[in-house]
Amino acid sequence: MYRSIVIFSDWLDWLTRRLAVLCLTAMLVFVAIQVVARYAFSAPPSWTEEMARYMMVWSGLLGATLSFKSKDDPALFKDPMQDKGSPWWQLTALVRGTAVLIFLVPIIYFSIFGPGMDTTRGFIARQARLSADTLGFPMSWVAMAVPICAAIILVHLLARACELKMAESTRMSRISGQEPRGPR
C-alpha cells in the first residue's frame with residue numbers, strides 16, 4: 001500500500017512536470033505572437049495576452065507542486081538536524097506536514113463548497129459563471145488549477161509520510177536483524 005502511494009506520487013510528478021513545460025512553452029508562444037504582431041503589424045491580437053496569463057497561472061501552480069515534491073524550497077525544507085531518525089527531525093517534519101494540511105485542505109474545501117455546503121457557491125462554480133474576456137470560455141478552466149494543484153501537493157505529502165513509514169520499518173528490521181514486514 002505504501003509503495004503504491006509513492007509510485008502514484010512519482011507518476012503525478014512526472015505528469016505534472018510535462019504539463020508545466022507544456023504550459024510554459026505555450027505561454028512563450030503566445031507572448032512571441034503578441035510581440036511580433038505588435039511590432040511588425042501594429043495590431044496584436046488581444047487573445048494572446050489572455051492566454052499567456054492563463055498559461056502562467058497553470059505553469060506557476062504546477063511548478064509549486066514540483067517544488068514541493070523535490071523539496072526545492074529551502075525555507076520550508078531546510079532541516080536543522082540532518083539525522084532523519086532524531087526526535088527533533090520527526091517533530092519538524094510533523095509541523096511542516098501539519099502546516100501544509102492547514103493551508104491546503106481549506107483551499108480544496110472552499111474550491112468545491114460554498115457557505116452551507118452549497119456546491120453552487122463554491123469557488124469553481126462561481127468562476128464557471130464568468131467567462132474569459134476575449135475567448136469566452138468559462139473561467140473555471142483557469143480556476144481549477146488551484147484545487148488540482150493543492151490536491152497534487154497533498155498526494156505528495158501523503159507519499160512523503162509513506163516513505164518515512166517504509167524507512168522506519170526498514171530501520172527497525174535492521175536493528176532487530178529481521179526481514180522488513182508490513183506493506184511496501
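**Figure 1. Cys23 and Cys149, two buried cysteines without a bond.** Cys23 counts as buried, with 9% relative accessibility; here buried means under 20% relative accessible area, exposed over 50%, and partly exposed in between, with a 1.4 Å probe and protein chains only. Cys149 is buried as well, at 3% relative accessibility. Why do Cys23 and Cys149 not form a bond? The closest cysteine sulfur to that of Cys23 lies in Cys149, 9.0 Å from it, and this is too far for a bond. A disulfide needs a pair of cysteine sulfur atoms within 2.5 Å, and a search of the whole structure turns up 0 disulfides. Please keep in mind that this is a predicted model, in which local features need pLDDT of at least 70 and side-chain atom pairs count only at pLDDT 80 or more, while totals for chains, interfaces and linings use all residues. Residues are numbered from 1 along each chain as its sequence is written, and side-chain values use heavy atoms, leaving out hydrogens and water.

**Figure 2. The whole chain, built from helices.** The protein chain has 7 helices and 0 strands; helices (H or I, at least four residues) and strands (E, at least two) are DSSP runs, numbered from the N terminus. Starting at the N terminus, the order of elements is α-α-α-α-α-α-α. Of the 184 residues in the chain, 32% are buried. Among contacts with a separation of 6 or more, 60% are between residues 24 or more positions apart, where contact means heavy atoms within 4.5 Å. The accessible surface of the chain is about 11600 Å², and carbon and sulfur atoms account for 69% of it; such areas come from the Shrake-Rupley method with a 1.4 Å probe, and for residues only the protein chains shown count as cover.

**Figure 3. The largest nonpolar core, with Phe30 among its best-connected members.** This core has 16 residues, and Phe30, Tyr54, Met55 and Leu62 touch the most other members. The elements giving two or more residues to this core are H1, H2 and helix H7 (145-176), and H2 supplies the largest share, 7 residues. A nonpolar core is a set of buried Ala, Val, Leu, Ile, Met, Phe, Trp, Tyr and Cys residues joined through side-chain atoms within 4.5 Å. Which residues does Phe30 contact, leaving aside its neighbours within four places in sequence? They are Trp47, Thr48, Met51, Ala52 and Met55. A second, separate core of 7 residues includes Phe68, Val100, Leu104 and Ala150.

**Figure 4. A nonpolar patch on the surface around Ile33.** Val29, Ile33, Trp47 and Leu135 make a nonpolar surface patch of about 310 Å². Patches are made of residues with over 30% relative accessible area and no salt bridge (a side-chain nitrogen of Lys or Arg within 4 Å of a carboxyl oxygen of Asp or Glu); like charges are joined within 9 Å, and nonpolar side chains (Val, Leu, Ile, Met, Phe, Trp, Tyr) within 5 Å. Ile33 belongs to helix H1 (residues 2-41) and is partly exposed, at 35% relative accessible area.

**Figure 5. Ser42 and Met117, two loop residues with positive phi.** Most residues other than glycine have a negative phi. Ser42 has a phi near 55° and sits in the loop between H1 and helix H2 (46-70), where it is exposed at 65% relative accessibility. Met117 has a phi near 55° too. Its loop runs between helix H4 (87-112) and helix H5 (123-128), and Met117 is partly exposed, with a relative accessible area of 49%.
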